[in-house]
Amino acid sequence: MRPLTEDETKIFFEKLSKYIGDNIKLLIDRPDGVYCFRLHKDRVYYVGEELMKRAANIAREQLVSFGTCFGKFTKTQKFRLHITALEYLAPYAKYKVWLKPSAEQQFLYGHHVMKSGLGRITENTGQYQGVIVYSMNDLPLGFGVAAKTTPECRHADPMTIVTFHQADIGEYIRSEDTLT
């Protein structure tokens, strides 16, 4: 367990800013305590200061997990967000996509979002911009990357992909053994 290096912090914050923009500072400066990001076994954890102090008393080999896993660094030093970060990213999302009820199940099985399943989309969403995917009842289902801008989505063919799938809450069941 250690703080992120300068390069790791830059890569991590660039990835987070695709989804929540400048709201990253709201994750760290919280009224209920001091929170920070720590690296342990190539995974980035979001942890409160009190829990971090307690975890420091445990040997690194014995420590499995602490706090909330936001994602992991790959061997090529790219950062991949995990679905466990959704609870913290959803309230601060800049760009959102709402799915029709008929498309929710397909998204939760790991498929991309088609224009026919698109309920609403935030105005001024750019192409390849990180988006949080919601049900029409405002339940966060996962996150992805916008394949088309908002105006392109309005005039697209119904079978056109409008959002690329990144992660969804169905992963809790599909990949429960690899999520930590």
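Author: A disulfide is a pair of cysteine sulfur atoms within 2.5 Å. By this rule, the predicted model has 0 disulfides.

Reader: How do you know that Cys-69 is in no disulfide?

Author: The nearest cysteine sulfur is that of Cys-36, 14 Å away. The cut-off is 2.5 Å. Cys-69 is therefore in no disulfide.

Reader: Why is Cys-69 called buried?

Author: Its relative accessible area is 2%. Buried means under 20%, so Cys-69 qualifies. Cys-153 is also buried, with a value of 2%.

Reader: What makes Lys-72 partly exposed?

Author: Lys-72 has 32% relative accessibility. Partly exposed runs between the 20% and 50% limits, so the term applies to Lys-72.

Reader: Where does Lys-72 sit, and in which strand?

Author: Lys-72 is in strand S5, residues 68–73. In sequence, Lys-72 and Lys-41 are 31 residues apart. In space, their C-alpha atoms are 8.6 Å apart.

Reader: Which residues is Lys-72 in contact with, leaving aside neighbours within four places in sequence?

Author: Asp-42, Arg-43, Lys-78, Phe-79, Arg-80 and His-82. Contact here means heavy atoms within 4.5 Å.

Reader: How many aromatic pairs does a search of the whole structure find?

Author: The search finds 15. One of them joins Tyr-19 and Phe-143.

Reader: Why is the pair of Tyr-19 and Phe-143 called edge-to-face?

Author: The centres are 5.4 Å apart, and the planes make 65 degrees. Pairing needs centres within 6.5 Å, and edge-to-face needs planes over 60 degrees, so both tests are met.

Reader: What does this pair tie together?

Author: Tyr-19 lies in helix H1 (residues 6–20), and Phe-143 in strand S11 (residues 140–146). The pair therefore ties together parts that are 124 residues apart in sequence. Tyr-19 is buried at 2% relative accessibility. Phe-143 is buried at 1%.

Reader: What makes the pair of Tyr-35 and Tyr-46 stacked?

Author: Their ring centres are 5.3 Å apart and their planes are at 20 degrees. Stacked means under 30 degrees, so the name fits. Tyr-35 is in strand S3 (residues 33–40) and Tyr-46 in strand S4 (residues 43–48). Both tyrosines are buried. Both also belong to one aromatic cluster, whose members include Phe-12, Phe-37 and Tyr-88.

Reader: Which residue lies over the face of Tyr-35?

Author: Arg-30 does, at 4.0 Å from the ring centre. Elsewhere, the charged end of Arg-120 sits over the ring of Trp-98, 4.0 Å from its centre.

Technical notes
Residues numbered from 1 in each chain as written. Predicted model: local features only at pLDDT ≥ 70, side-chain atom pairs only at ≥ 80, totals over all residues. Heavy atoms only, no water. Buried < 20%, exposed > 50% of the residue type's maximum accessible area, 1.4 Å probe, protein only. Helix = DSSP H or I, 4+ residues; strand = E, 2+ residues; numbered from the N terminus. Phe/Tyr/Trp six-rings, centres within 6.5 Å; stacked < 30°, edge-to-face > 60°. Lys NZ or Arg CZ within 6 Å of the ring centre and 35° of its normal.
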